Amino acid sequence: MSTLNRKISLVKNMLVSRPKGWQSLLYNSSMAQLKIPSPLMSPVHISIEPTNACNARCSVCETGKGDMRRKTGFLDKDLYTDFMNKIGDTTSTLLFYFMGEPFMHKDSYDMIRYARDKSIYVESCTNGDFVDPEGIIYSDINKLSFQIGGMDQDTHEIYRIRSKLDKTIDNIEKLVELRKKHPNSSLEIEVGFIVMRHNEHQVKDFYEWAKKIGVDIANVIDPCARNMMEAYAYLPNDRKYWFYDEDAFNKGFLKPKKLNNNECIWIWNSLQLNWNGDAVPCCRDTNGQNIFGNVFETTLNNVFNSKKAISFRKKILTDQGSIDICKLCSGYGLPPLNRAKSADFTIKRDTLNLEKIPNHDQSIAEAPNQK
């Protein structure tokens, strides 16, 4: 099927099924294709940070290695609740996670449940140390990804410093068993394995273990590095797990295998919120270099269409190569609107396939936003 026919099919299906946020997705994506930075409708995808505190000391993470330049804090429940009341009708997906361990927040389960009661698809990511399986079931979260660093404690803690693998595994297994007692649960359980030089020999064991315990998805995740020192320390010997260009690495610098060329459809459809309500373009802006405004002080639409947001999108369209947070990113495509649980055990790879990286046209044409 041609790109044009796929786009027509997508639009037809969305007009028929009308998933939550379909109008915004089509309009904002069209604006991205036309290279128009504003005005935009409300973003369908929101990421919000419960906290930027974490028990672990992962050495590539700004929080873990002590490079976090933002104040450490926790999302205010009342401000969050008020915000959800305002965006509940337009938000399709909420990623309840950013630069910390989300389940260190004492109100995390209630906050997730509140978003779910607004018919918002909610997903999160965790190191697993603080997860309460009963709280997860109560929250009605749609997808939870546990991420581990090895199949034994010695290997796990080389990167996941101060995290306890036995505690995480116990929580995963308890959650799997508890879900069996709640067959109507919306929960999809994923386990991610951050593959690095010190654990790449355990990938096969990881797959076998994940299938055995009964999770839905086993995901081998290519590692990220912020600089060459981290790259030398952690990138696997097997370069099929590399997100980065090998020629550039051999010359002494990091560059993704593919860089966007003055386009990022994700920025037209999503917004990242820090725990204090500050809005930044995406998850690449960990230290809040590009604050568009604060959603606890004004409306989401005002922030998304603020002068700073418009200026940032203009720069994406004209000089993306000069934007620091874009230099190690290949883009995220288009947020999906219709999501379904995996019917069977699924093996997944969070990796970069140069043959499957979509541009704007392909992202819209191939988006999984249909029944």
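## Cavities

Two cavities of 30 Å³ or more turn up in this protein, and the structure you are looking at is a predicted model. The largest cavity holds about 100 Å³ of space.

Which residues lie nearest the centre of the largest cavity? They are C264, C282, Q320, C326 and C329, out of 13 residues that line the cavity. Sorted by class, that lining is made up of ten nonpolar residues, two polar ones and one charged one.

## Helix α2

Helix α2 covers residues 22-33, and its length can be checked with simple arithmetic. At 1.5 Å a residue, its twelve residues should span 16 Å, because the expected span is 1.5 Å times one less than the number of residues. The C-alpha atoms at its ends are 16 Å apart, so the model agrees with the expected value.

Several residues of α2 are buried: W22, S24, L25, L26, N28, S29, M31 and A32. As you turn the helix on screen, it may help to recall that an α-helix has 3.6 residues a turn, so residues three or four places apart point the same way. After α2 comes K35, which has a positive phi, near 60 degrees.

## Confidence

How confident is the predictor, and where does pLDDT stay under 50? The mean pLDDT of the protein is 89, with 88% of its residues at 70 or more.

Over residues 352-360, pLDDT stays under 50, and the model has 19 contacts beyond four places in sequence for them. Residues 363-367 also stay under 50, with 16 such contacts. Where pLDDT is low, the predicted coordinates should not be read in detail.

Definitions and conventions: Residues numbered from 1 in each chain as written. Predicted model: local features only at pLDDT ≥ 70, side-chain atom pairs only at ≥ 80, totals over all residues. Heavy atoms only, no water. Helix = DSSP H or I, 4+ residues; strand = E, 2+ residues; numbered from the N terminus. Buried < 20%, exposed > 50% of the residue type's maximum accessible area, 1.4 Å probe, protein only. 1 Å grid on protein atoms, 1.4 Å probe; cavity = no way out; pocket = protein on both sides within 12 Å on 5 of 7 lines; lining within 4 Å. Points joined across faces, edges and corners; volume = space filled by probe spheres on them. Nonpolar A, V, L, I, M, F, W, Y, C, P; charged D, E, K, R; others polar. pLDDT = per-residue confidence, 0-100. Contact = heavy atoms within 4.5 Å.
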